[in-house]
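Here is a short report to read beside the structure. Keep the viewer open as you go.

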Amino acid sequence: MSVLVNRETRLLVQGITGREGSFHTAQMLEYGTNVVAGVTPGAAGREAHGVPVFNTVTDAVAATRPNVSIIYVPAPFAPDAIYEAVDAGIPLVVCITEGIPTLEMVRVYQYVKSRGCRLIGPNCPGLITPGQAKVGIMPGYIHQPGPVGVVSRSGTLTYEVVWALTQAGIGQSTAVGIGGDPIIGTSFIDVLAMFQEDPETEAIVLIGEIGGTDEEAAAGYIREHVTKPVVGFIAGRTAPPGKRMGHAGAIISGGQGTAAEKIAALEAAGVPVAERPAQVAELIRKALG
Amino acid sequence: MNIHEYQAAEIFSRYGIPVNRGIVCASPEEARAAAQEFGSRVVIKAQVHVGGRGKAGGIRLAAGPDEAEVAARQILGMTIRGVPVHRVLVAPAIDIAREYYLGVVLDRASRRVVVMASAAGGIDIEEVARETPEKIVREYADPLLGLHDYQARRLGFALGLEQDLVRPFAKLARQLFTAYMAVDASLAEINPLALTTDRSWLALDSKIVLDDNALFRHPEHEALRDPQAEDPLEQEARAAGISFVKLDGTIGCVVNGAGLSMATMDAVRLYGGTPANFLDVGGGASSQQVATALRLVLSDPNVKAVLINIFGGITRGDVVAEGLLEALKTVDVRVPLVIRLVGTRQEEGRHMLAEAGLTVVDTMEEAAQRAVQAAEGRETRA
């Protein structure tokens, strides 16, 4: 088991002939992901790395029955790509794109939810079930199959923590990058619930950062609903207020969203919070006993 | 992106919001002329992208042109929370009966836009939210349908406004919401919103923060950017597509990824140092971008050591190494460099750097410790 993606994943790549889409399609295929189709309007009939390309998601769905779509489409066109995937009935849509206008995401979030679909991202590295499916831009080789579920708002910081786990001989069930934007399709709580249900996940790593109150909400959820051990890491202890730290969502505004508040909330919920990324592996080892 | 009060007021008035229109002045003489034109008591307000300007003395009343000139001279020479004042707004002083707050902001928790109002206007709304949250009333806009009229009216009733004031207030709330959505703001605020002695509504201060992610679909907003209000290094970084935030420490950081960049700053502090900046070179960081990043960081005279932390994913180790070597050719590196490089093709990258006589360390912890030692003038070599 695992969550969201696995050997049964049949992946569609939207924006497959673009620079990013093409590069990462090759990477995902190399990892063993079952990429069944790609979409680029006007490129039907072509192949990208042996994958058939269609004009529309509807055509791709009719011909290849994908159950997950990943979007590598520039920000101005990414919301439309999400709508297209959702309208074609794809239940899980992963949007890598950074820079989508926030108010556009307010609408997208509501629409996706109303259709009963799940969106991961945007502005995320995607997700990976080691040894089964890589649906994203993360380097595959740093992961190994195992019992730890990872959920994170960040990209490279997740790689850092995963790498520390792998080097300590601790594998991952699934690692989910939920994205660094103020509005994202899937929250910490959604993924925590999935890991709690997943019989192969024995412990959970939650990697948060400054901005918003999702970590505080997650802490409340953990206290009430999560029986598996959780270890946290929060980036941005040294971040100044009022400044956007790279991610659109990483900003302390109105005195809200500080690392200190998030750490306090997690610790109050019984979640040990690592001071350094590598320490996450030590705390997980302790938690796994 | 932050814009000035006078620019926000112009936008508000385009959406029908009554604003206290003033004249923007860059010199005391202009302020004098503006006061003369209004022929009344005037208020002179610093135009800076930071809050708390009132408390800092950046807002003054003047009885006439003479006082206006004096006040403008004082304010134009001020630095408010580190930001020098280059312009003031001169506007007629208003006879205020009551002051309110009206704002539109994104509520991340509910993933909706929320319209907030309070009868405790004119003061720091964050303070009100903290101390007396019951004094703020809220209506959440439907993501697809927007703010309904009844919601705008409900705000007015919740504030306890007299019947005759509710409809004009509701109209104002809808106008502010419309403006917020139309310009892709992340904040639109009127504080204070004045109820004047003749019972009309007037925006005395206008504030808009624009969503950086949406600037591509509002090319007209580029003209609102004030280059004088932005740190020159931050401007250069933005032009190069690098996320950079200047801090006041001594250890320059060059990192790929926003989360990792914050974690690197935190590690520096954990080992007793202080980060000089946040810097994310971005995903597919090219040689040129890494070189620009290094130059940016080194141009800060406070920097005593530079920590480069690259975790390759889509950023290849050999590309990063190439960029570093390129940069080192063009940049005068007068401080110790500590490099940590992991990821795709790390061996090639490390080999290239080692051949050039640079030291590469294995872990982020080690890199942070070494950088702190180096900044303190201690030996960095193992």
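A:Gly177 is buried, because 31 other C-beta atoms lie within 10 Å. The term has cut-offs: buried means 20 or more other C-beta atoms within 10 Å of a residue's own, exposed means 12 or fewer, and partly exposed is in between, with C-beta atoms placed from the backbone.

This is a predicted model, where local features need pLDDT of at least 70, side-chain atom pairs count only at pLDDT 80 or more, and totals for chains, interfaces and linings use all residues. Residues are numbered from 1 along each chain as its sequence is written, while chains are lettered from A and ligands numbered from 1 in the order in which they are written.

**Around A:Gly177**

A:Gly177 sits in strand S11 (residues 172–177) of chain A. Helices (H or I, at least four residues) and strands (E, at least two) are DSSP runs, numbered from the N terminus. A:Ser154 is 23 residues away from A:Gly177 in sequence, yet their C-alpha atoms are 6.4 Å apart in space. Setting aside neighbours within four places in sequence, A:Gly177 has contacts that include A:Cys124, A:Pro125, A:Ser152 and A:Thr158. Two residues are in contact if their C-beta atoms, placed from the backbone, lie within 7 Å.

**Two helices of chain A**

How do helix H7 (residues 214–225) and helix H8 (residues 259–268) of chain A cross, and at roughly what angle? Their axes come within 8 Å and cross at roughly 5°. H7(A) is therefore roughly parallel to H8(A). Angles under 35 degrees count as roughly parallel, over 145 as roughly antiparallel, 65 to 115 as roughly perpendicular and the rest as oblique. Axes are lines fitted to C-alpha atoms, for helices over the stretch in contact, and angles run from 0 to 180 degrees between N-to-C directions. H7(A) brings A:Glu215, A:Glu216 and A:Ala219 to the contact, and H8(A) brings residues including A:Lys262 and A:Leu266. By class, the contact has four nonpolar, no polar and four charged residues. Ala, Val, Leu, Ile, Met, Phe, Trp, Tyr, Cys and Pro count as nonpolar, Asp, Glu, Lys and Arg as charged, and the others, Gly among them, as polar.

**Where the chains meet**

Chain A gives 45 residues to the contact and chain B gives 48 residues. On the side of chain A, the largest share is six residues, from H4(A). That side divides into 22 nonpolar, 15 polar and eight charged residues.

**Chain B**

Chain B has twelve helices and 18 strands. Its C-alpha trace spans about 80 × 50 × 40 Å along the principal axes. Of its 382 residues, 48% count as buried. The domain assignment, which is automatic or from a database, gives domain 1 (22–92), domain 2 (96–224) and domain 3 (231–375). The C-alpha centres of domain 1 and domain 2 of chain B lie 26 Å apart.

UniProt, in an unreviewed entry, lists B:Asn191 and B:Asp205 under "binding site". Its positions are given in the numbering used here, feature names are shortened, and annotations may be inferred rather than shown by experiment.

| Residue | C-beta neighbours within 10 Å | State |
|---|---|---|
| B:Asn191 | 20 C-beta atoms | buried |
| B:Asp205 | 23 C-beta atoms | buried |

B:Asn191 is found in strand S10 (residues 185–196) of chain B. B:Asp205 lies in the loop between strand S11 (201–203) and strand S12 (206–210) of chain B. B:Asn191 is in contact with B:Asp205. B:Asp205 also touches B:Glu5, B:Ile190 and B:Pro192.
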